[in-house]
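Here's a quick briefing to read alongside the structure. It starts with a buried histidine, then works through the helices and a handful of loop residues.

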Amino acid sequence: MERTLSAFKDRKVASDRQIISLNGTDQGKNLNNDRKVELGKKVTLLRGISIIVGTIIGAGIFISPKGILKQTGSVGMSMIFWIVCGVLSLFGALSYAELGTCIKKSGGHYTYLLESFGHQMAFVRLWADLIAIRPAAMAVISLAFGQYILEPLFMPCTIPPMAVKLATAIGITSVMYLNSMSVTWTARIQILLTLSKLLAITTIIVLGMYQLFKGQTQNFENAFELTNFKLSGMPLAFYSGMYAYAGWFNLNYVTEEVDNPEKTVPLAISISMVIVTSCYVLTNIAYYTVMSAEELLASEAVAVTFSEKLLGNFSIAVPVFVALSCFGSMNGSLFSLSRMFYVASREGHLPEVLSMIHIRRHTPLAAVIILYPMTILQLFVGDIYSLLNFMSCLRWLFIGVVVLGLLYLRYTKPELPRPFKVPIFIPVVFCFACFFMVFLSLYSDPINTGIGFAISFTGIPAYYIFIYFNNRPKWLQKSLDSFNRTLQIILEVAPAEL
């Protein structure tokens, strides 16, 4: 198998050498620009924090932070679950920080599975991401952007569904264009968007704390009343909480672009998780100073209800902040995910043009736009939410396997340099939590979970067809090479210089 993959990479390298001149370039060098064609180390500590925080905090905390409350049945227990899920997410993030400092490659989950368990496991994860998970997830957060960016214009009327989809398509196109044009401006705008959502959350927290200090504590009376508490609801509450914190792994997708990753990666992850956990807990406390548990569960948009009670007409600004928050999540997700496709192409698992860099912009242009057609297609014709239901448990399965790989690498490769090393109980506890959630999904919803596994496991035959058995007919290989060269000319990209 290794010989086959080696032959594939040799053919890829040979094809890479057939570089043609592009707008005054020769073999990937720009005569009008002395900079090497490569992805520079432009992700500083502040930008790293903005990627993680900006991706984790989407629309959920503003619109519907009630999954935990619904399952726990009491205010006090819901707050405990928010804290516990934040701590467990920190455990996962710290485990990824160790992986990011000892495996200094971009690509996140894909790269760690590749290094720990080989090509087939990594390709199956990549396949599921490419054909289902990522386009659907991007379409869902983009739909929230389209809905709330139009809300102030249509109030109090209902927004036409097609108008939402058109605004969503514009938002997706804008994010793709931004990430294609400049890494620096993508990072700067991400910082700005992260600051805007933190401003919105801080406003909610300050208003709530003010009400609390005024004595508005009636909704906290009997906070730990367990009348409606059921043990059967605990796993689902746990699942909802972990989903709300998802996104802490995004910085690991861009490790090669992080300045001084040995220090920046663990520091950015730790600071980000403290910020997010604090924001989630304090925001929920603020909500409860104004709304009872029953009112919060009945509200379709919790932050809007909260602001209407305290700010009156100024509540019209909330949908705008929600839209900006969604745009920040879209931007951070695309910035990170494009690097996974870039690395997968470099490893021979995707077409070679995806591992090429724009000769002037120094962005992985092809890797950025690969999700665009599939996301737009699912936006207009796909059943996005059903697809996400099918695939949701697979996220935690693969993340659990990645952290299991950390333990495996400690045993098989003890000589690997580990500038940052977590205590062994941290990855063990997190692995148990991930596999518990997968078991819960299999028990509570075996049909949808089974469909998700079936979709994902189509990656196994795809691996053998496209990667392992690669003795393609000459005419097919010539066509693929011609396709790559044509795209290279159109996109003005070239292989990264070593």
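H358 counts as buried, because its relative accessibility is 6%, under the 20% cut-off. Bear in mind that this is a predicted model. The protein chain comes to 21 helices and four strands, and 56% of its 498 residues count as buried. Among contacts between residues at least 6 apart in sequence, 84% join residues at least 24 apart.

**Around strand 3**

- H358 sits in strand 3, which covers residues 356–358.
- Its side chain reaches the backbone nitrogen of R361, at 3.0 Å.
- H358 also has a partner from far along the chain: L491 is 133 residues away in sequence, yet the two C-alpha atoms are separated by 7.3 Å.
- P364 is in the loop that runs between strand 3 and helix 15 (365–369).
- With a relative accessibility of 0%, P364 counts as buried.
- The C-alpha atoms of P364 and L354 are 7.2 Å apart in space, with their positions 10 residues apart in sequence.

**The other histidine, H349**

- Where is H349 found? It's in the loop between helix 14 (317–346) and strand 3.
- H349 counts as buried too, because its relative accessibility comes to 4%.
- Its side chain makes a polar contact with another histidine side chain, that of H119, at 3.0 Å.
- Setting aside neighbours within four places in sequence, H349 is in contact with Y110, L114, H119, F123, L126, A344 and I467.
- So H119 turns up both as the polar partner of the H349 side chain and in that list of contacts.

**Helix 5**

- Helix 5 takes in residues 75–102, and its 28 residues should span 40 Å at 1.5 Å a residue; the end C-alpha atoms are 41 Å apart, which agrees.
- Is helix 5 largely enclosed or largely open? Since 23 of its 28 residues are buried, it is largely enclosed by the rest of the structure.
- The N-terminal end of helix 5 is capped by S74, which has a side-chain oxygen 3.3 Å from the backbone nitrogen of M77.

**Helix 18 against helix 19**

- The axes of helix 18 (residues 425–444) and helix 19 (residues 446–457) come within 6 Å, crossing at roughly 120 degrees.
- That angle makes helix 18 oblique to helix 19, because roughly perpendicular stops at 115 degrees and roughly antiparallel needs over 145.
- On the helix 18 side, the contact is made by V438, S441, L442, Y443 and S444, while helix 19 puts in P446, T449 and F453.
- By class, this contact has five nonpolar residues, three polar ones and no charged ones.

**A167 in helix 8**

- A167 has its place in helix 8, residues 161–181.
- Its relative accessible area is 12%, so A167 is buried.
- Which residues touch A167, once neighbours within four places in sequence are left aside? They are F145, G146, I149 and L150.
- One of them, I149, is 18 residues away in sequence, with a C-alpha to C-alpha separation of 7.9 Å from A167.

**Positive phi outside glycine**

- N260 isn't a glycine, but its phi is positive, near 55 degrees.
- You'll find N260 in the loop between helix 10 (234–244) and helix 11 (261–290).
- N260 is partly exposed, because its relative accessible area is 36%, which falls between the 20% and 50% cut-offs.
- E492 also has a positive phi without being a glycine, this time near 60 degrees.
- The loop holding E492 links helix 21 (474–491) to strand 4 (493–495).
- Buried or exposed, then, for E492? Its relative accessibility is 14%, so E492 counts as buried.

Notes. Residues numbered from 1 in each chain as written. Predicted model: local features only at pLDDT ≥ 70, side-chain atom pairs only at ≥ 80, totals over all residues. Heavy atoms only, no water. Helix = DSSP H or I, 4+ residues; strand = E, 2+ residues; numbered from the N terminus. Buried < 20%, exposed > 50% of the residue type's maximum accessible area, 1.4 Å probe, protein only. Polar contact = N/O pair within 3.5 Å; in protein donor to acceptor, adjacent residues only side chain to side chain. Axes fitted to C-alpha atoms, helices over the stretch in contact; angles between N-to-C directions. Parallel < 35°, antiparallel > 145°, perpendicular 65-115°, else oblique. Contact = heavy atoms within 4.5 Å. Nonpolar A, V, L, I, M, F, W, Y, C, P; charged D, E, K, R; others polar. Expected span 1.5 Å × (residues − 1).
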